[in-house]
Amino acid sequence: QAGAKDLAAGNPNARTIEVLQNMANYYDRVNDHWRTTAYRKAINTLKRQDARITTEEEAFRLPMIGRRLAQKIEEIVTTDRLQRLEYAEAEPTGQSLQLFTGIYGVGTGQAQHWIAQGFRTLDDLKQKVKLSTTQLIGIEHYDEFNQRIPRAEVEALGALIQKAAARIDPRVQVIIGGSYRRGAESSGDIDLIVTKPGTESTGDLVPFLDKLVQRLEQDKFLVARLASSRPGHDGSKWHGCCVLPRTEGVNDGSVQDDDGDDGDDGDNDDRRPWRRIDFLLVPESEMGAALIYFTGNDIFNRSMRLLASKKGMRLNQRGLYGGVMGGPARTNRARAAEGGGGGQLLEGRNERRIFEILGVQWREPHERWC
Ligand code: DCP
Ligand code: MG
Ligand code: MN
(Lines give C-alpha, C1' and ligand atoms only; values in the text may rest on other atoms or scores of the structure.)
(Ligands and ions follow the chains in the order given, each with its own letter.)
Protein backbone atom coordinates (compact mmCIF):
# COMPACT_ATOMS: atom_id res chain seq x y z
CA GLN A 1 0.00 0.00 0.00
CA ALA A 2 1.19 3.42 -0.88
CA GLY A 3 1.72 6.17 1.67
CA ALA A 4 0.29 9.65 1.28
CA LYS A 5 3.35 10.86 -0.59
CA ASP A 6 3.38 7.94 -3.00
CA LEU A 7 -0.32 8.26 -3.70
CA ALA A 8 0.30 11.83 -4.73
CA ALA A 9 3.29 11.04 -6.94
CA GLY A 10 1.44 9.31 -9.76
CA ASN A 11 -1.54 11.62 -9.43
CA PRO A 12 -2.40 14.13 -12.19
CA ASN A 13 -2.76 16.74 -9.43
CA ALA A 14 0.54 15.91 -7.73
CA ARG A 15 1.97 19.43 -7.98
CA THR A 16 -1.22 21.06 -6.70
CA ILE A 17 -1.30 18.58 -3.82
CA GLU A 18 2.33 19.31 -2.98
CA VAL A 19 1.73 23.07 -2.76
CA LEU A 20 -1.50 22.65 -0.77
CA GLN A 21 0.31 20.29 1.59
CA ASN A 22 2.97 22.94 2.24
CA MET A 23 0.20 25.42 2.96
CA ALA A 24 -1.49 22.92 5.32
CA ASN A 25 1.82 22.36 7.10
CA TYR A 26 2.17 26.11 7.53
CA TYR A 27 -1.30 26.46 9.04
CA ASP A 28 -0.59 23.49 11.28
CA ARG A 29 2.56 25.20 12.55
CA VAL A 30 0.73 28.40 13.40
CA ASN A 31 -1.98 26.36 15.15
CA ASP A 32 -4.73 27.24 12.71
CA HIS A 33 -6.58 23.94 13.12
CA TRP A 34 -9.55 24.98 11.07
CA ARG A 35 -7.53 25.85 7.95
CA THR A 36 -5.20 22.88 8.44
CA THR A 37 -8.19 20.54 8.38
CA ALA A 38 -9.78 22.31 5.42
CA TYR A 39 -6.56 21.96 3.40
CA ARG A 40 -6.08 18.33 4.36
CA LYS A 41 -9.63 17.49 3.34
CA ALA A 42 -9.16 19.23 0.00
CA ILE A 43 -5.91 17.33 -0.52
CA ASN A 44 -7.70 14.05 0.10
CA THR A 45 -10.36 14.97 -2.43
CA LEU A 46 -7.71 15.81 -5.02
CA LYS A 47 -5.91 12.52 -4.40
CA ARG A 48 -9.05 10.68 -5.44
CA GLN A 49 -9.34 12.46 -8.81
CA ASP A 50 -8.29 10.67 -11.97
CA ALA A 51 -8.26 13.88 -14.02
CA ARG A 52 -6.20 17.02 -13.63
CA ILE A 53 -8.21 19.80 -12.00
CA THR A 54 -7.28 23.08 -13.63
CA THR A 55 -9.97 25.67 -12.96
CA GLU A 56 -11.68 27.21 -9.97
CA GLU A 57 -15.06 25.96 -11.19
CA GLU A 58 -13.88 22.36 -11.57
CA ALA A 59 -12.35 22.42 -8.14
CA PHE A 60 -15.38 24.06 -6.51
CA ARG A 61 -17.65 21.30 -7.78
CA LEU A 62 -15.65 18.66 -5.85
CA PRO A 63 -16.55 17.67 -2.30
CA MET A 64 -14.75 19.41 0.58
CA ILE A 65 -13.43 22.24 -1.60
CA GLY A 66 -14.82 25.71 -0.94
CA ARG A 67 -14.63 28.81 -3.06
CA ARG A 68 -11.39 30.20 -1.62
CA LEU A 69 -9.58 26.90 -1.87
CA ALA A 70 -10.84 26.43 -5.41
CA GLN A 71 -9.36 29.83 -6.32
CA LYS A 72 -6.03 28.79 -4.82
CA ILE A 73 -6.05 25.56 -6.83
CA GLU A 74 -6.49 27.53 -10.05
CA GLU A 75 -3.70 29.90 -8.97
CA ILE A 76 -1.34 26.96 -8.44
CA VAL A 77 -2.18 25.39 -11.80
CA THR A 78 -1.79 28.62 -13.77
CA THR A 79 1.22 30.15 -11.99
CA ASP A 80 2.85 27.01 -10.53
CA ARG A 81 2.98 28.83 -7.19
CA LEU A 82 0.83 30.15 -4.39
CA GLN A 83 1.38 33.70 -3.25
CA ARG A 84 -0.01 33.13 0.24
CA LEU A 85 2.51 30.34 0.77
CA GLU A 86 5.37 32.48 -0.47
CA TYR A 87 4.43 35.24 1.96
CA ALA A 88 4.36 32.70 4.78
CA GLU A 89 7.72 31.25 3.83
CA ALA A 90 9.31 34.66 3.35
CA GLU A 91 8.59 35.80 6.91
CA PRO A 92 11.76 35.27 8.92
CA THR A 93 9.71 34.49 12.02
CA GLY A 94 7.65 32.02 10.01
CA GLN A 95 10.86 30.23 9.05
CA SER A 96 12.08 30.11 12.61
CA LEU A 97 8.71 28.85 13.76
CA GLN A 98 8.99 26.02 11.26
CA LEU A 99 12.56 25.35 12.37
CA PHE A 100 11.83 25.35 16.10
CA THR A 101 8.65 23.28 15.98
CA GLY A 102 10.72 20.67 14.13
CA ILE A 103 12.62 20.06 17.39
CA TYR A 104 11.32 17.02 19.27
CA GLY A 105 8.95 18.06 22.06
CA VAL A 106 8.82 21.72 21.05
CA GLY A 107 5.32 23.03 20.35
CA THR A 108 4.15 26.27 18.83
CA GLY A 109 3.97 27.99 22.22
CA GLN A 110 7.60 27.32 23.14
CA ALA A 111 8.76 28.21 19.62
CA GLN A 112 6.88 31.51 19.64
CA HIS A 113 8.31 32.31 23.05
CA TRP A 114 11.86 31.85 21.73
CA ILE A 115 11.09 33.92 18.64
CA ALA A 116 9.70 36.72 20.83
CA GLN A 117 13.03 36.69 22.69
CA GLY A 118 14.80 37.27 19.39
CA PHE A 119 16.14 33.79 18.65
CA ARG A 120 16.05 32.63 15.04
CA THR A 121 18.42 29.67 14.54
CA LEU A 122 19.26 26.40 16.27
CA ASP A 123 22.65 27.92 17.10
CA ASP A 124 20.91 30.83 18.84
CA LEU A 125 19.12 28.33 21.04
CA LYS A 126 22.25 26.29 21.76
CA GLN A 127 24.20 29.38 22.75
CA LYS A 128 21.62 31.52 24.50
CA VAL A 129 18.95 29.28 25.99
CA LYS A 130 19.12 26.91 28.92
CA LEU A 131 17.81 23.83 27.10
CA SER A 132 16.51 20.64 28.67
CA THR A 133 18.33 17.38 27.95
CA THR A 134 15.45 16.38 25.71
CA GLN A 135 15.61 19.63 23.73
CA LEU A 136 19.38 19.23 23.36
CA ILE A 137 18.93 15.75 21.91
CA GLY A 138 16.22 17.11 19.63
CA ILE A 139 18.59 19.76 18.29
CA GLU A 140 21.64 17.49 18.12
CA HIS A 141 19.67 14.99 16.00
CA TYR A 142 17.47 17.51 14.27
CA ASP A 143 18.03 16.30 10.71
CA GLU A 144 17.75 12.62 11.58
CA PHE A 145 14.46 13.06 13.43
CA ASN A 146 13.02 15.00 10.52
CA GLN A 147 14.04 12.33 8.02
CA ARG A 148 11.53 9.69 6.98
CA ILE A 149 12.33 6.09 7.96
CA PRO A 150 12.02 3.61 5.06
CA ARG A 151 9.37 0.95 5.62
CA ALA A 152 11.96 -1.84 5.47
CA GLU A 153 13.88 -0.26 8.32
CA VAL A 154 10.74 0.18 10.44
CA GLU A 155 10.13 -3.52 9.85
CA ALA A 156 13.70 -4.46 10.85
CA LEU A 157 13.54 -2.31 13.99
CA GLY A 158 10.14 -3.76 14.89
CA ALA A 159 11.36 -7.34 14.41
CA LEU A 160 14.33 -6.73 16.65
CA ILE A 161 12.11 -5.39 19.43
CA GLN A 162 9.65 -8.25 19.02
CA LYS A 163 12.51 -10.74 19.42
CA ALA A 164 13.81 -9.03 22.56
CA ALA A 165 10.25 -8.86 23.96
CA ALA A 166 9.64 -12.56 23.37
CA ARG A 167 12.79 -13.43 25.31
CA ILE A 168 11.52 -11.51 28.32
CA ASP A 169 7.89 -12.65 28.14
CA PRO A 170 6.67 -14.82 25.25
CA ARG A 171 3.06 -13.89 25.99
CA VAL A 172 3.63 -10.21 25.34
CA GLN A 173 2.57 -8.93 21.94
CA VAL A 174 4.28 -6.01 20.19
CA ILE A 175 2.42 -4.49 17.24
CA ILE A 176 3.80 -1.80 14.96
CA GLY A 177 1.14 0.91 14.71
CA GLY A 178 1.19 4.48 13.42
CA SER A 179 1.74 5.24 9.76
CA TYR A 180 3.38 1.82 9.31
CA ARG A 181 0.11 0.07 10.13
CA ARG A 182 -1.61 2.32 7.60
CA GLY A 183 0.75 0.93 4.98
CA ALA A 184 3.03 3.95 4.58
CA GLU A 185 6.18 3.52 2.50
CA SER A 186 8.04 5.56 5.10
CA SER A 187 7.37 6.73 8.64
CA GLY A 188 8.33 9.66 10.82
CA ASP A 189 8.92 7.38 13.79
CA ILE A 190 8.21 3.86 15.03
CA ASP A 191 5.04 3.44 17.06
CA LEU A 192 4.78 0.22 19.07
CA ILE A 193 1.74 -1.05 20.91
CA VAL A 194 2.57 -3.43 23.75
CA THR A 195 -0.07 -5.72 25.20
CA LYS A 196 -0.55 -9.11 26.85
CA PRO A 197 -3.52 -11.45 27.23
CA GLY A 198 -5.29 -11.06 30.56
CA THR A 199 -4.04 -7.55 31.35
CA GLU A 200 -6.60 -5.12 32.76
CA SER A 201 -4.52 -2.01 33.38
CA THR A 202 -1.37 -0.45 31.95
CA GLY A 203 0.28 -1.02 35.32
CA ASP A 204 0.31 -4.76 34.57
CA LEU A 205 2.74 -4.05 31.72
CA VAL A 206 5.09 -1.56 33.37
CA PRO A 207 7.51 -4.16 34.83
CA PHE A 208 7.79 -5.71 31.38
CA LEU A 209 8.53 -2.38 29.70
CA ASP A 210 11.14 -1.52 32.32
CA LYS A 211 12.93 -4.80 31.60
CA LEU A 212 12.64 -4.38 27.86
CA VAL A 213 14.05 -0.87 27.96
CA GLN A 214 16.94 -1.94 30.20
CA ARG A 215 17.74 -4.86 27.93
CA LEU A 216 17.62 -2.79 24.75
CA GLU A 217 19.78 -0.11 26.34
CA GLN A 218 22.38 -2.72 27.24
CA ASP A 219 22.29 -3.89 23.63
CA LYS A 220 22.98 -0.27 22.57
CA PHE A 221 19.78 -0.41 20.57
CA LEU A 222 18.00 2.23 22.63
CA VAL A 223 20.29 5.23 22.79
CA ALA A 224 18.22 7.86 24.60
CA ARG A 225 15.10 8.37 26.70
CA LEU A 226 13.03 11.42 25.86
CA ALA A 227 9.76 11.24 27.77
CA SER A 228 7.49 8.82 29.55
CA SER A 229 4.23 8.93 31.41
CA ARG A 230 3.37 6.67 34.28
CA PRO A 231 0.19 4.59 34.33
CA GLY A 232 -2.98 6.21 35.55
CA HIS A 233 -2.44 9.22 33.34
CA ASP A 234 -3.10 9.07 29.62
CA GLY A 235 -2.14 5.45 29.08
CA SER A 236 1.49 4.63 29.45
CA LYS A 237 3.76 6.15 26.88
CA TRP A 238 7.49 5.88 26.50
CA HIS A 239 9.36 8.04 23.99
CA GLY A 240 12.99 7.53 23.07
CA CYS A 241 15.53 6.97 20.35
CA CYS A 242 16.97 3.83 18.79
CA VAL A 243 19.63 2.88 16.25
CA LEU A 244 19.49 -0.13 13.98
CA PRO A 245 22.65 -2.20 14.59
CA ARG A 246 24.93 -2.69 11.62
CA THR A 247 24.66 -6.44 11.94
CA GLU A 248 20.96 -6.14 11.17
CA GLY A 249 20.21 -6.27 7.44
CA VAL A 250 17.44 -4.34 5.80
CA ASN A 251 16.05 -6.22 2.87
CA ASP A 252 15.77 -3.42 0.34
CA GLY A 253 19.23 -2.00 0.85
CA SER A 254 17.82 1.42 1.56
CA VAL A 255 19.71 1.74 4.81
CA GLN A 256 23.43 2.04 4.37
CA ASP A 257 26.15 3.62 6.35
CA ASP A 258 26.40 7.12 5.09
CA ASP A 259 30.02 7.92 5.79
CA GLY A 260 30.82 8.05 2.10
CA ASP A 261 33.29 5.17 2.01
CA ASP A 262 32.49 1.78 0.64
CA GLY A 263 30.38 -0.27 2.89
CA ASP A 264 30.46 -1.74 6.31
CA ASP A 265 33.86 -0.85 7.68
CA GLY A 266 32.84 -0.97 11.33
CA ASP A 267 34.30 2.47 11.92
CA ASN A 268 31.48 3.95 13.96
CA ASP A 269 28.15 2.44 14.83
CA ASP A 270 26.65 5.83 15.55
CA ARG A 271 26.76 6.76 11.87
CA ARG A 272 23.47 5.00 11.45
CA PRO A 273 20.73 7.54 11.99
CA TRP A 274 19.00 7.80 15.32
CA ARG A 275 15.30 7.03 15.01
CA ARG A 276 12.41 8.15 17.14
CA ILE A 277 10.55 5.33 18.86
CA ASP A 278 7.29 5.38 20.86
CA PHE A 279 5.90 2.63 23.05
CA LEU A 280 2.28 2.58 24.16
CA LEU A 281 1.33 0.15 26.94
CA VAL A 282 -2.17 -1.18 26.45
CA PRO A 283 -4.12 -3.68 28.60
CA GLU A 284 -5.87 -6.30 26.52
CA SER A 285 -9.25 -4.93 27.63
CA GLU A 286 -8.49 -1.61 25.85
CA MET A 287 -6.73 -2.98 22.81
CA GLY A 288 -9.41 -2.14 20.22
CA ALA A 289 -9.61 1.52 21.20
CA ALA A 290 -5.83 1.77 21.45
CA LEU A 291 -5.38 0.25 18.00
CA ILE A 292 -7.72 2.84 16.53
CA TYR A 293 -5.95 5.66 18.35
CA PHE A 294 -2.37 4.58 17.60
CA THR A 295 -3.09 3.72 13.96
CA GLY A 296 -4.53 7.12 13.18
CA ASN A 297 -4.11 9.15 11.30
CA ASP A 298 -4.78 12.06 13.62
CA ILE A 299 -7.46 13.53 11.35
CA PHE A 300 -9.22 10.16 11.11
CA ASN A 301 -9.14 9.93 14.91
CA ARG A 302 -10.58 13.39 15.26
CA SER A 303 -13.46 12.58 12.93
CA MET A 304 -14.21 9.32 14.78
CA ARG A 305 -14.29 11.17 18.10
CA LEU A 306 -16.50 13.87 16.68
CA LEU A 307 -18.88 11.26 15.31
CA ALA A 308 -19.01 9.54 18.69
CA SER A 309 -19.84 12.80 20.46
CA LYS A 310 -22.59 13.57 17.93
CA LYS A 311 -24.15 10.25 18.88
CA GLY A 312 -23.94 10.94 22.61
CA MET A 313 -20.95 8.65 22.98
CA ARG A 314 -17.31 9.31 23.73
CA LEU A 315 -14.30 7.68 22.09
CA ASN A 316 -10.78 7.88 23.46
CA GLN A 317 -7.71 5.63 23.36
CA ARG A 318 -9.16 3.47 26.16
CA GLY A 319 -12.63 2.77 24.88
CA LEU A 320 -15.99 3.80 23.52
CA TYR A 321 -18.38 5.05 26.20
CA GLY A 322 -22.14 5.56 26.12
CA GLY A 323 -24.66 7.56 28.10
CA VAL A 324 -22.24 10.43 28.24
CA MET A 325 -23.58 13.16 30.51
CA GLY A 326 -24.86 16.27 28.82
CA GLY A 327 -25.17 14.69 25.42
CA PRO A 328 -23.79 15.76 22.09
CA ALA A 329 -23.86 19.53 22.55
CA ARG A 330 -21.16 19.58 25.22
CA THR A 331 -17.70 20.71 24.30
CA ASN A 332 -14.56 18.63 24.68
CA ARG A 333 -13.23 21.30 27.00
CA ALA A 334 -16.22 21.02 29.31
CA ARG A 335 -15.89 17.26 29.31
CA ALA A 336 -12.16 17.33 30.00
CA ALA A 337 -12.72 19.76 32.86
CA GLU A 338 -14.62 17.15 34.80
CA GLY A 339 -12.01 14.51 34.20
CA GLY A 340 -13.30 12.29 31.45
CA GLY A 341 -17.02 12.91 31.63
CA GLY A 342 -18.26 9.51 32.76
CA GLY A 343 -20.47 7.26 30.73
CA GLN A 344 -20.39 3.50 30.74
CA LEU A 345 -17.93 1.48 28.71
CA LEU A 346 -19.54 0.08 25.58
CA GLU A 347 -16.44 -1.48 24.03
CA GLY A 348 -12.68 -1.30 24.48
CA ARG A 349 -11.30 -4.65 23.43
CA ASN A 350 -12.41 -5.08 19.85
CA GLU A 351 -11.51 -2.66 17.08
CA ARG A 352 -14.25 -3.80 14.67
CA ARG A 353 -16.89 -3.76 17.37
CA ILE A 354 -16.14 -0.07 18.06
CA PHE A 355 -16.79 0.75 14.40
CA GLU A 356 -20.02 -1.28 14.57
CA ILE A 357 -21.39 0.42 17.67
CA LEU A 358 -20.52 3.81 16.20
CA GLY A 359 -22.40 2.78 13.07
CA VAL A 360 -19.44 3.36 10.74
CA GLN A 361 -18.43 0.94 8.06
CA TRP A 362 -15.19 -0.90 8.89
CA ARG A 363 -12.09 0.67 7.38
CA GLU A 364 -8.88 -1.27 7.01
CA PRO A 365 -5.85 0.53 8.50
CA HIS A 366 -4.61 1.46 5.01
CA GLU A 367 -7.93 3.25 4.40
CA ARG A 368 -7.52 5.56 7.37
CA TRP A 369 -5.51 8.40 5.85
CA CYS A 370 -8.28 10.80 6.74
N1 DCP B 1 -2.23 10.67 17.22
C2 DCP B 1 -3.40 11.42 17.31
N3 DCP B 1 -3.34 12.76 17.54
C4 DCP B 1 -2.14 13.37 17.67
C5 DCP B 1 -0.95 12.63 17.57
C6 DCP B 1 -1.02 11.27 17.35
O7 DCP B 1 -4.50 10.86 17.19
N8 DCP B 1 -2.10 14.68 17.89
C9 DCP B 1 -2.33 9.24 16.94
C10 DCP B 1 -2.59 9.03 15.47
C11 DCP B 1 -1.25 8.71 14.93
C12 DCP B 1 -0.60 7.95 16.07
O13 DCP B 1 -1.11 8.58 17.23
O14 DCP B 1 -1.33 7.92 13.77
C15 DCP B 1 0.90 7.98 16.04
O16 DCP B 1 1.37 9.31 16.07
P17 DCP B 1 2.57 9.78 15.14
O18 DCP B 1 2.83 11.20 15.48
O19 DCP B 1 3.70 8.84 15.26
O20 DCP B 1 1.94 9.80 13.66
P21 DCP B 1 1.97 8.73 12.48
O22 DCP B 1 2.61 7.46 12.90
O23 DCP B 1 0.56 8.65 11.96
O24 DCP B 1 2.84 9.42 11.35
P25 DCP B 1 4.44 9.46 11.22
O26 DCP B 1 4.82 8.60 10.06
O27 DCP B 1 4.77 10.89 10.93
O28 DCP B 1 5.02 8.99 12.51
MG1 MG C 1 4.44 7.48 13.81
MN1 MN D 1 4.80 8.41 17.18
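A residue is taken as buried here when 20 or more other C-beta atoms lie within 10 Å of its own, with C-beta atoms placed from the backbone. By that yardstick, 31% of the 370 residues in the chain are buried. The model is a predicted one, and its chain folds into 18 helices and 10 strands. Looking at contacts between residues at least 6 apart in sequence, 62% link residues at least 24 apart.

A good place to start is the sheet. Five strands make up an open sheet, lined up as β2-β4-β7-β6-β5, with mixed pairing. At its edges sit β2 (173-176) and β5 (222-228); each has a single partner strand, so one side of each is left without a neighbour in the sheet. On average, neighbouring strands here are turned by 25 degrees against each other, direction ignored. As background, strands of a sheet pair through backbone hydrogen bonds, and they can do so parallel or antiparallel.

Both kinds of pairing turn up around strand β4. On one hand, β2 and β4 run antiparallel and are joined by four bridges, with Ile 176 having Leu 192 in β4 as its bridge partner. On the other hand, β4 and strand β7 (residues 275-281) run parallel, joined by five bridges. Leu 192 shows up in this pairing too, standing opposite Phe 279 in β7.

How covered is β4 (residues 190-195)? Mostly: six of its six residues are buried. Ile 190, Leu 192 and Val 194 point one way from the strand, while Asp 191, Ile 193 and Thr 195 point the other way, and all of them are buried.

At the β5 edge, the partner is strand β6 (residues 236-242), which runs antiparallel to β5 and is joined to it by five bridges. Within this pair, Arg 225 stands opposite Gly 240 in β6.

Two residues of β5 give a feel for the strand. Leu 222 belongs to β5 and counts as buried because it has 20 C-beta neighbours inside 10 Å. Setting aside residues up to four places away in sequence, Leu 222 touches Val 213, Leu 216, Glu 217, Gly 240 and Cys 242. Ile 76, by contrast, is 146 residues from Leu 222 in sequence and 44 Å from it in space, C-alpha to C-alpha.

Ser 228 also has its place in β5. Is Ser 228 buried or partly exposed? With 14 other C-beta atoms within 10 Å, Ser 228 comes out as partly exposed. Its contacts, leaving aside neighbours within four places in sequence, are Lys 237, Trp 238 and His 239. Gly 240 is 12 residues from Ser 228 in sequence and 8.6 Å from it in space, C-alpha to C-alpha.

Further along the chain there is another run of strand pairing. Strand β8 (residues 314-316) and strand β9 (residues 319-322) pair up antiparallel over three bridges, and a hairpin of two residues connects β8 to β9. In this pairing, Leu 315 stands opposite Leu 320 in β9. Strand β9 is also joined to strand β10 (residues 344-347), running antiparallel, by three bridges. Here the bridge partner of Tyr 321 is Leu 345 in β10.

Next comes the ligand. Which residues are closest to ligand 1? Of the 14 residues that surround ligand 1, the closest are Gly 178, Ser 179, Gly 188, Gly 296 and Asp 298. The elements giving two or more residues to this shell are α13 (178-181), α15 (287-295) and α16 (298-310). Helix α15 gives the most, with three residues. Sorted by class, the shell has three nonpolar, eight polar and three charged residues.

Helix α15 also packs against another helix. The axes of α15 and helix α18 (residues 351-358) come within 7 Å and cross at roughly 85 degrees. Angles of 65 to 115 degrees count as roughly perpendicular, so α15 and α18 are roughly perpendicular to each other. On the α15 side, the residues that meet α18 are Gly 288, Ala 289, Leu 291 and Ile 292; on the α18 side they are Glu 351, Arg 353 and Ile 354. By class, this contact brings together four nonpolar, one polar and two charged residues.

Notes. Residues numbered from 1 in each chain as written. Chains lettered and ligands numbered in written order. Predicted model: local features only at pLDDT ≥ 70, side-chain atom pairs only at ≥ 80, totals over all residues. Pairing = 2+ DSSP bridges. Axes fitted to C-alpha atoms, helices over the stretch in contact; angles between N-to-C directions. Near = placed C-beta within 6 Å. Nonpolar A, V, L, I, M, F, W, Y, C, P; charged D, E, K, R; others polar. Parallel < 35°, antiparallel > 145°, perpendicular 65-115°, else oblique. Contact = placed C-beta atoms within 7 Å. Buried ≥ 20, exposed ≤ 12 C-beta atoms within 10 Å, placed from the backbone.
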